[in-house]
Amino acid sequence: MLSRIAESLFWIGRYVERADDTARLLDVHLQILLEDPWAEEDLACRSLLSVMDRPNPPQDVTVGRTTVLDALAYDRFSPSSIAGALVAARENARRAREVISTELWESLNATWNQLPSHMRPARPHDYFTWVRERAAVVGGIIDATISRDETWAFMVLGRSIERADMTARLLTTRALAGAGGPGWTTLLRSCGAHEAFLRTYKGTASDERAAGFLLLDRLFPRSIVFALNQADACLSALEPVADRAIVDEARRHIGLVRTNLEYRPLIDVLDALPTEMEQVQRACAAASDAVRGRYFPSPTTMTWTGEAL
Amino acid sequence: MADLFDDYPAGIAWDEMLEPGAGPRTAYRQVHAALAQLSAGELRARADALARSYLTQGVTFDFAGEERPFPLDVVPRVVASDEWEHVAPGVAQRVRALEAFLADVYGPQNAVADGVLPRSVIVSSTHYHRAVRGLTPPNGVRVHVSGIDLVRDSLDGWRVLEDNVRVPSGVSYVLSNRRAMAQTFPELFAALRIRPVVDYPRRLLAALMAAAPAGVDDPTVVVLTPGVFNSAYFEHSLLARTMGVELVEGRDLFCAQGRVWMRTTQGRRRVDVIYRRVDDEFLDPVTFRADSLLGSPGLITCARNGTVTLANAVGNGVADDKLVYTYVPDLIRYYLGEEPVLANVDTWRLEEPDALEEVLDRLDELVVKPVDGSGGKGLVVGPAASRAELATLRTRLVDDPRGWIAQPVVQLSTVPTLVEDGLRPRHTDLRPFAVNDGTDVWVLPGGLTRVALPEGRLVVNSSQGGGSKDTWVLGGTPPRRSGATMPQVHPVPVGNAVPIDASPQDIRAHVMQQQQTLERASDEGERTC
């Protein structure tokens with residue numbers, strides 16, 4: 001497979017997952033601002049912006065939901081907002097049009113076409129619902145129509161790395177805002193994990209268990225460990241014959257951070273949650289870079305020099 | 001644009017939102033202002049969004065065998081903070097008194113000995129079950145969940161209309177109403193401090209676990225439903241889902257070796273606490289109705305052995321018998337040594353000959369209710385009844401005075417409600433829910449406001465075609481919170497594709513192109529080597 005195509009596939013996976021996760025995160029963020037009469041809007045919005053690596057307005061400006069939505073939901077020119085990610089996913093699909101299935105292309109293209117009519121600031125919840133549904137359609141089509149070859153492995157690899165990264169960011173918002181921030185129930189809900197969690201622990205929710213669920217659960221598909229395992233499986237499928245001594249660099253980053261979470265007492269991880277989650281994000285970024293270096297080498301910039309050789 | 005409240009008729013009954021000639025009352029000021037800004041079309045659009053949300057969620061009520069979306073009105077019912085500080089303790093007080101009464105009824109019956117109420121009232125109640133005499137629940141709680149129906153008829157007039165301590169339903173609508181309203185009217189939630197209701201399932205589960213038999217460390221709690229055909233099935237599944245416990249039917253359970261078990265893929269599993277949403281009589285064919293398959297044979301024996309807890313306890317119906325209701329203020333004084341916070345609606349006990357005579361004389365102006373009914377069944381509103389209906393009723397009262405009570409027609413307060421013609425006053429009541437975990441009676445802020453949709457109608461039960469409103473209790477003390485400062489964070493950049501593909505510039509250009517429907521400039525030149 002062409003490196004350029006593989007790179008597009010990888011980013012289709014990442015961008016669709018990013019749109020999905022950001023929609024979940026914002027939906028719950030708004031819900032808590034609405035349903036909790038004591039929520040401190042400015043603080044909650046600032047912590048969300050900083051976790052998403054967005055510039056924070058100066059301290060004398062009150063940050064509200066509008067600012068957050070503009071930056072993370074409706075900005076079509078930034079690939080780290082929902083709209084921008086959907087635009088970017090479609091753009092990548094357009095460049096890999098010949099390898100992806102027609103169904104996948106059409107669903108991404110339809111999403112892009114429908115985007116303007118769904119961006120209605122008066123009803124953000126409807127927008128988020130739509131985004132999640134579109135992401136589910138794309139995910140379903142990927143799983144149902146694509147051979148489990150490199151095509152699938154690159155898309156799911158992108159999706160898994162992005163998911164681990166976003167779940168880590170989500171957990172950081174909890175740690176950052178302290179007691180004034182979103183409760184664990186809220187975080188679980190934003191990952192679609194609340195009901196799965198309740199059934200696993202029979203409703204005896206404690207902070208420790210909720211954090212443990214999102215960090216370590218081996219069966220829940222949005223937990224960090226699950227996503228990292230999936231990424232590892234994809235990498236292994238891409239490079240099944242490993243050298244006897246050398247482990248692929250991307251797998252090393254992923255494996256290291258995963259075992260660091262899995263084989264330490266949960267309480268230690270929780271004590272330093274922002275730092276630990278930063279490690280996960282850095283490992284995801286490093287793994288992503290390693291994948292890029294290994295599979296998508298950029299061509300050296302070439303320029304046409306005309307006749308003057 | 002016509003004001004939505006333009007020809008709002010005032011003065012039929014006490015209106016919660018609008019004071020005739022003086023505009024909106026304090027608690028409703030922001031809601032009124034927000035609604036008044038909306039055009040009729042916009043309000044209808046929001047109402048449609050609410051209805052759609054309910055269809056999607058499957059928030060339905062079974063009405064005469066048909067699954068219908070439960071009507072939720074767009075105008076919330078607002079309760080001021082200080083008002084709630086009066087209502088909530090009143091509800092909790094009532095629950096404590098009813099708990100004490102039930103413990104007494106199925107125990108020593110001191111209240112009878114001390115002459116607070118006649119023994120005949122207890123033993124003649126349809127829901128008094130000798131089968132559970134002497135059965136003491138593990139943590140003493142019988143009323144794990146209660147719904148105390150309140151009405152108000154004037155500025156200072158919250159009154160208790162009836163107590164529901166058997167299987168009170170409706171709390172699921174409180175939870176789903178709130179979710180749907182927050183999504184439909186985000187601007188109102190942003191402007192008001194509305195006390196949250198999401199805590200209910202956690203409180204309920206904690207109370208159920210606290211009621212587990214002694215010595216069970218990690219109790220298995222289940223919700224027992226009669227099945228999908230029950231009118232409140234939506235509620236049963238919602239409670240099981242939000243508590244993360246199994247929703248079982250009678251056929252999933254069996255009793256063996258003195259315990260209750262459920263059939264699972266992993267073999268049988270012990271059940272410790274059953275939050276049952278099945279009426280007493282259908283729980284156990286061994287003890288009660290032999291023809292019932294809704295429960296499980298032997299349940300009552302297991303409860304008696306103390307190996308399983310039934311919540312709410314069997315036999316609670318004696319405490320919400322409408323004749324016992326007339327004694328509740330006395331019971332509060334007797335058991336708690338307190339004055340009742342919330343008053344009853346005036347009620348005639350037809351067993352008393354003078355009362356019966358007076359009621360028979362004034363039948364056309366009173367409301368007459370069967371003492372063991374629920375859901376508005378069998379109730380007769382005098383002024384609305386025909387001559388023939390009243391004559392039949394007269395005979396029945398004379399034949400069975402114990403079976404009935406009579407009350408004056410209470411002009412339930414009205415709240416503006418969206419109907420065909422626009423916003424119109426419709427009668428409402430309020431059912432606050434209380435959860436007793438054995439150490440504390442917790443009252444859910446708000447409760448289910450039911451609204452009678454047909455004009456002038458006073459019966460608000462959902463089984464009688466009623467709808468509901470979200471109930472907003474304002475303000476309150478914020479929970480203690482520490483650490484409102486933001487710790488240092490080192491943002492990790494959100495990864496993006498390398499610039500050769502889908503760079504922000506590319507995307508910007510692309511979007512511009514989409515907007516202008518222009519051909520994208522060929523990028524072949526850039527790629528040429």
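Mentor: Let's begin with the term: a salt bridge is a side-chain nitrogen of Lys or Arg within 4 Å of a carboxyl oxygen of Asp or Glu. This is a predicted model, in which local features need pLDDT of at least 70 and side-chain atom pairs count only at pLDDT 80 or more, while totals for chains, interfaces and linings use all residues. Side-chain values use heavy atoms, without hydrogens and water.

Trainee: What makes B:Glu338 and B:Arg96 a salt bridge?

Mentor: Their closest N and O atoms are 3.7 Å apart, and the cut-off is within 4 Å, so the pair qualifies. The two residues link distant parts of the chain, 242 residues apart: B:Glu338 sits in the loop between helix 13 (328-336) and strand 15 (343-344) of chain B, and B:Arg96 in helix 3 (residues 81-105). Helices (H or I, at least four residues) and strands (E, at least two) are DSSP runs, numbered from the N terminus.

Trainee: Why is B:Glu338 called partly exposed?

Mentor: Buried means under 20% relative accessible area, exposed over 50%, and partly exposed in between (1.4 Å probe, protein chains only). B:Glu338 has 29% relative accessibility, so it counts as partly exposed. B:Arg96, with 36%, is partly exposed too.

Trainee: How do you know that A:Arg251 forms a salt bridge with A:Asp232?

Mentor: The closest N and O atoms of A:Arg251 and A:Asp232 are 3.0 Å apart, which fits the definition. This pair also links distant parts of its chain, with A:Arg251 in helix 12 (residues 249-262) and A:Asp232 in helix 11 (residues 224-238) of chain A, 19 residues apart.

Trainee: Are A:Asp232 and A:Arg251 buried or partly exposed?

Mentor: A:Asp232 has a relative accessible area of 17%, so it is buried. A:Arg251, at 25%, counts as partly exposed.

Trainee: Where do A:Asp289 and A:Arg292 lie, and what makes them a salt bridge?

Mentor: Both are in helix 14 (residues 273-295) of chain A, three residues apart, about one turn of the helix. Their closest N and O atoms are 3.8 Å apart, so the definition is met. A:Asp289 is partly exposed at 44%, and A:Arg292 is partly exposed at 21%.

Trainee: How many salt bridges does a search of the whole structure find?

Mentor: The search finds 50 over all chains.

Trainee: One more: why is helix 9 of chain B called mostly covered?

Mentor: Eight of the 11 residues in helix 9 (residues 233-243) are buried, among them B:Phe234, B:Leu238 and B:Met243. After this helix comes B:Gly244, with a positive phi near 70°.

Methods
Residues numbered from 1 in each chain as written. Chains lettered and ligands numbered in written order.
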